[in-house]
Amino acid sequence: LVNTKAKDNEGKRVLSCVKTNEFLIGLDLNKKEFTSEEFASFINQKLVENGSNISFVIGGSYGLSDELK
C-alpha cells in the first residue's frame, strides 16, 4: 500500500510538469523491449506523427504509476 501511494504521488508530480505538446515514453522494466533500430524508428514515427517533444519518464524504485503508464 505504501508503494502504491508513493508511485501515485510521484506520477501526479510528473504529470503536473508535462506540457500539452509532449509525448511521454515511460521506461519500465516490465514493458516491451526494443532493439536500437526499432526504438529509433518508434521515436521517428512519433516525431513525424505528432510533431511534438519527446520526454522520457524513468520509473522510481517502485516503478511507474498506472496513471503514467
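**Figure 1. Phe-56 in strand β2 of the predicted model.** Phe-56 belongs to strand β2, which spans residues 53–58. The model shown here and in the following views is a predicted one. With a relative accessible area of 43%, Phe-56 is partly exposed. Together with Leu-27 and Ile-58, Phe-56 makes a nonpolar surface patch of about 310 Å². Residues qualify for such a patch only with over 30% relative accessible area, and the 43% of Phe-56 therefore meets this cut-off.

**Figure 2. Overview of the protein chain.** Two helices and two strands make up the secondary structure of the protein chain. Read from the N terminus, these elements follow the order α-β-α-β. Helix α1 covers residues 2–16, strand β1 covers 22–27, helix α2 covers residues 36–50, and strand β2 covers residues 53–58. Along the principal axes, the C-alpha atoms of the protein chain fill a box of roughly 40 × 25 × 15 Å. The protein chain has 69 residues, of which 19% count as buried. Of the contacts between residues at least 6 apart in sequence, 74% join residues at least 24 apart.

**Figure 3. Surface and charge of the protein chain.** About 5400 Å² of the protein chain is exposed, and carbon and sulfur atoms supply 51% of this area. The charged side chains comprise 9 positive and 10 negative ones. The centres of the two sets lie 7 Å apart. Two salt bridges are counted in the model, and these are shown in the next two views.

**Figure 4. The salt bridge between Glu-67 and Lys-12.** The side chains of Glu-67 and Lys-12 form a salt bridge, with an N to O distance of 3.7 Å. This pair links distant parts of the chain, as Glu-67 is in the segment after β2 and Lys-12 is in helix α1, 55 residues apart. Glu-67 may also be located relative to Glu-33, a residue of the loop between β1 and α2. The C-alpha atoms of Glu-33 and Glu-67 are 20 Å apart in space, and the two residues are 34 residues apart in sequence. Glu-33 counts as exposed, at 71% relative accessibility.

**Figure 5. The salt bridge between Lys-46 and Glu-49.** In this salt bridge, the closest N and O atoms of Lys-46 and Glu-49 are 3.7 Å apart. Both residues are in helix α2; because they are three residues apart there, about one helical turn separates them. Lys-46 is buried, with a relative accessible area of 15%, whereas Glu-49 is partly exposed, with a relative accessible area of 48%. Lys-46 is also one of the residues touched by Ile-54.

**Figure 6. Surroundings of Ile-54.** Ile-54 is a residue of strand β2. When residues up to four places away in sequence are not counted, Ile-54 touches Phe-23, Ile-25, Ile-43, Lys-46 and Leu-47. Phe-23 and Ile-25 fall within strand β1 (22–27), and Ile-43, Lys-46 and Leu-47 fall within helix α2 (residues 36–50). Ile-54 and Glu-22 are 32 residues apart along the chain, and their C-alpha atoms are separated by 5.5 Å.

**Figure 7. Ser-65 and Ser-61 in the segment after β2.** Ser-65 is found in the segment after β2, as is Ser-61. Ser-65 is buried, with a relative accessible area of 2%; Ser-61, by contrast, is exposed, with a relative accessible area of 74%. Leaving aside neighbours within four places in sequence, Ser-65 is in contact with Lys-7, Asp-8 and Gly-11. These three contact partners of Ser-65 fall within helix α1 (residues 2–16). For Ser-61, the C-alpha atom is separated by 9.8 Å from that of Ala-6, which is 55 residues away along the chain.

**Figure 8. Lys-19 in the loop between α1 and β1.** Lys-19 lies in the loop that joins α1 and β1. At 56% relative accessibility, Lys-19 counts as exposed. Lys-19 and Asn-53 are 34 residues apart in sequence, with a C-alpha to C-alpha distance of 9.0 Å. Asn-53 falls within strand β2 (residues 53–58).

Methods: Residues are numbered from 1 along each chain as its sequence is written. This is a predicted model: local features need pLDDT of at least 70, side-chain atom pairs count only at pLDDT 80 or more; totals for chains, interfaces and linings use all residues. Side-chain values use heavy atoms; hydrogens and water are left out. Patches are made of residues with over 30% relative accessible area and no salt bridge: like charges are joined within 9 Å, nonpolar side chains (Val, Leu, Ile, Met, Phe, Trp, Tyr) within 5 Å. Accessible areas come from the Shrake-Rupley method with a 1.4 Å probe; for residues, only the protein chains shown count as cover. A salt bridge is a side-chain nitrogen of Lys or Arg within 4 Å of a carboxyl oxygen of Asp or Glu. Helices (H or I, at least four residues) and strands (E, at least two) are DSSP runs, numbered from the N terminus. Buried means under 20% relative accessible area, exposed over 50%, partly exposed in between (1.4 Å probe, protein chains only). Contact means heavy atoms within 4.5 Å. Lys and Arg count as positive and Asp and Glu as negative; His and the chain ends are not counted. The place of a charge is taken as NZ of Lys, CZ of Arg, CG of Asp or CD of Glu.
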